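Let's take a walk through this one together, starting where two chains meet and working outward from there. Keep the viewer open as you read.

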Amino acid sequence: MNWTGELWQMLVVCFAAVFTGNILLTTFLGMCPFLAVSRQVKASVGLGFAVVFVMTCTTVLNWLAYRYVLVPLDLEFFRFILFIIIIATFVQFVEMVLERYSPALYQSLGIFLPLITVNCAILGASLFMVIRGYTFLVTLGYGFGSGVGWMLAIVAMAGIRQNMSMERVPKGLQGPGIALIIAGLMALGFIGFTGVL
Amino acid sequence: MMSADPAREMTASAPKGPKKESALGRAAIEGLWNNNPVFRQVLGICSTLAVTNLVLNTAVMCLALTGTTALSCLTVSLLREWTPHRVRMMVQTLIIAFYVILVDIALKAYWPDMSRNLGPYVGLIITNCIIMGRCEAFARSNPPVPSFFDGLFCGLGYSFVLLLVAVPRELLGMGSILGIPMPYFSTGWDKWIIMVMPPGAFFTLACLIWALRAFQARGEEESA
Amino acid sequence: MRDKPWYPVLYMFVMTAFFSSILIGLARFTRDRVELNERSAVERAVLECLAVELPARASSLEVHRVFLDRVSGPVPAYGGAYVLREGGKVAAYAVPLDGKGYWDRIKGFIGIASDKRTVTGISFYEQKETPGLGAEIVQPPFRSQFTGKRIADGRSPIGIMPVGAALGPSKVHAVTGATQTSTRLEKIINDGLLRWRSDLASAGGGQG
């Protein structure tokens, strides 16, 4: 495929990953931190940025590892383990670099990094990338788009929940219950974007 | 998945009695009801919620998850004497991944249609918080047999809630259960398309959590 | 031994080697089967769109045998289509379809008779559309509409129309409620057919 065509496809995939195929609202990945952290906007923004960064880098790294290590060795089924190792190592590495060179950033993002290693959305993005057979550039767009989509969803959710804190909610629905209903309404809204593509 | 928090929560309530029969019964009650991972703690729904628009897919996923949880707990428990403390998380991940890959290979070879339907979700069982939560909280400090049942009941508790999500979704959205058309729903019912779309999963799960928690709260008030 | 600093490293190594070797063994053992399954899904779809009769509940091997017997391809000289031969002559073409559906990729084939006009059938071997809605495209009620249609000249060989609209010889009805899947599928089919036509022309394939 030529360059412009691929760039265009990358943009389309990126847009789709943010809106129409939002990894949180359509495939439900990364729900646990979503429900736990989305009480405050500030924490959500921090976690969101960390996810965007880690997801973009790890999908690209995982693409390289899959394409140039696992496929030639005929060990595709090892991707589950290898991807997890790469994600964990990468997060650890970023943590060390941040601590050393940018204590301020480490203070604000550092606490979220360990949470990310076990965020299923990160692994999920890499697995989707393999199954859909994306090329390198498209993978880059997909990883970035998925991260932004996740961040958008969690920040919007945190904003809504902050405004809800004074409302009266039935007892059984308090906490995760009402959060799921809000997420459902958001998912409904995001489906509206499908007409755009 | 956030293993630290729930793990601690689960340790506090893990059964400690060495008596075998009552321990088994307690594990069942804890896993299926008192500490049900889904509606009590809302954990680990990520990997399965996406396939709950069809009962069959949900059942296969739940079976895979329950088997993986039980066997991983068993293996972690068998190795508990030899596993160095510092690398235990890595060993647990390795063991869980081992069983998940087994399931993945088996589905690919013997049930290719289902493997295509489930796509990446089988692999995502690895990052399901429930499994590592049980390994950390219970299996690594308990003998193999109780660990196995602890994992088994925890997986079954998870499965029963997700099947309760899947049945109304398929019934109201497609008028069938397990692909078999149901009387009235397949003919006279105006299908709720939203139920098979992603928002339907959120709404159904929320309503289910509401109902189960309300039910549970009433029981607690009575016994208090 | 367990107090030694190298013990965790050795332990991890032994564990990894143990579990990996089981998995590698199992993967080797099932590899032929997995490959057969993957090939079989494509072969089934090709035969289905060419309206070749298969025994009920045919196994992967039986499908493979029928496929080898009657179909060859993909043939570049015929625009990259699979070709069904009867008595040495080309009887029909299976044109590959591939594109983005509503949720994920849709892959399949559309069968065109040797006159390069009449549709013999359509089939899909990969799709993740909404169950009960977009996914109905794989069901007989939708697919059987295509059989016997004649593809039109120009930019849109096949048209998918709203349910209830009057149908021309190259038009079929959409799946009720699945507007998104239907519009995308129309594009996938037409892209596939147009690509086939132009490849056929550039391959000098007037001889078919």
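Start where α4(A) packs against α5(B) in this predicted model. From the chain A helix, the residues making contact are A:Arg79, A:Phe80, A:Ile81 and A:Ile84. Facing them from α5(B) are B:Thr93, B:Leu94, B:Ala97, B:Ile101, B:Asp104 and B:Lys108. Sort this contact by class and you get six nonpolar residues, three charged ones and one polar. As for the geometry, the two helix axes come within 9 Å of each other and cross at roughly 145°.

Now hang on to A:Arg79 and B:Lys108, because both turn up again: they are among the lining residues closest to the centre of the second largest pocket, along with B:Ser115, C:Val34 and C:Glu38. This pocket holds about 1,200 Å³ of space, and 36 residues line it. Which elements supply at least two residues each to that lining? Chain A brings α4 (79–101) and α7 (120–131), while chain B adds α5 (88–110) and α6 (112–118). From chain C come α1 (7–49), β4 (105–113) and β5 (119–126). So the α4(A) and α5(B) helices you have just looked at both have a share in it, but α1(C) gives the most, with 11 residues. By class, the lining splits into 15 nonpolar, 15 charged and six polar residues.

Next, pull back to chain B as a whole. Nine helices and two strands make up its list of elements. Follow the sequence and you go through eight helices in a row, then the two strands, then a final helix: α-α-α-α-α-α-α-α-β-β-α. Chain B has 224 residues, and 59% of them count as buried. Take the contacts in chain B between residues at least 6 apart in sequence: 73% of these join residues at least 24 apart.

Last stop, the cysteines. How many disulfides does a search of the whole structure find? Zero, over all chains. Take A:Cys57: the nearest cysteine sulfur belongs to A:Cys14 and is 14 Å away. A disulfide needs the two sulfur atoms within 2.5 Å, so that pair doesn't count as one. Is A:Cys57 buried or partly exposed? It is partly exposed, because its relative accessible area is 23% and the cut-off for buried is under 20%. C:Cys49, on the other hand, has a relative accessible area of 0%, so it counts as buried.

Conventions. Residues are numbered from 1 along each chain as its sequence is written. Chains are lettered from A and ligands numbered from 1 in the order in which they are written. This is a predicted model: local features need pLDDT of at least 70, side-chain atom pairs count only at pLDDT 80 or more; totals for chains, interfaces and linings use all residues. Side-chain values use heavy atoms; hydrogens and water are left out. Buried means under 20% relative accessible area, exposed over 50%, partly exposed in between (1.4 Å probe, protein chains only). On a 1 Å grid over the protein atoms alone, a cavity is a set of points where a 1.4 Å probe fits but cannot get out, and a pocket is an open set with protein on both sides within 12 Å along at least five of seven lines; lining residues have an atom within 4 Å of a point. Grid points are joined across faces, edges and corners, and a volume is the space filled by probe spheres set on the points. Helices (H or I, at least four residues) and strands (E, at least two) are DSSP runs, numbered from the N terminus. Ala, Val, Leu, Ile, Met, Phe, Trp, Tyr, Cys and Pro count as nonpolar, Asp, Glu, Lys and Arg as charged, and the others, Gly among them, as polar. Axes are lines fitted to C-alpha atoms, for helices over the stretch in contact, and angles run from 0 to 180 degrees between N-to-C directions. Contact means heavy atoms within 4.5 Å.
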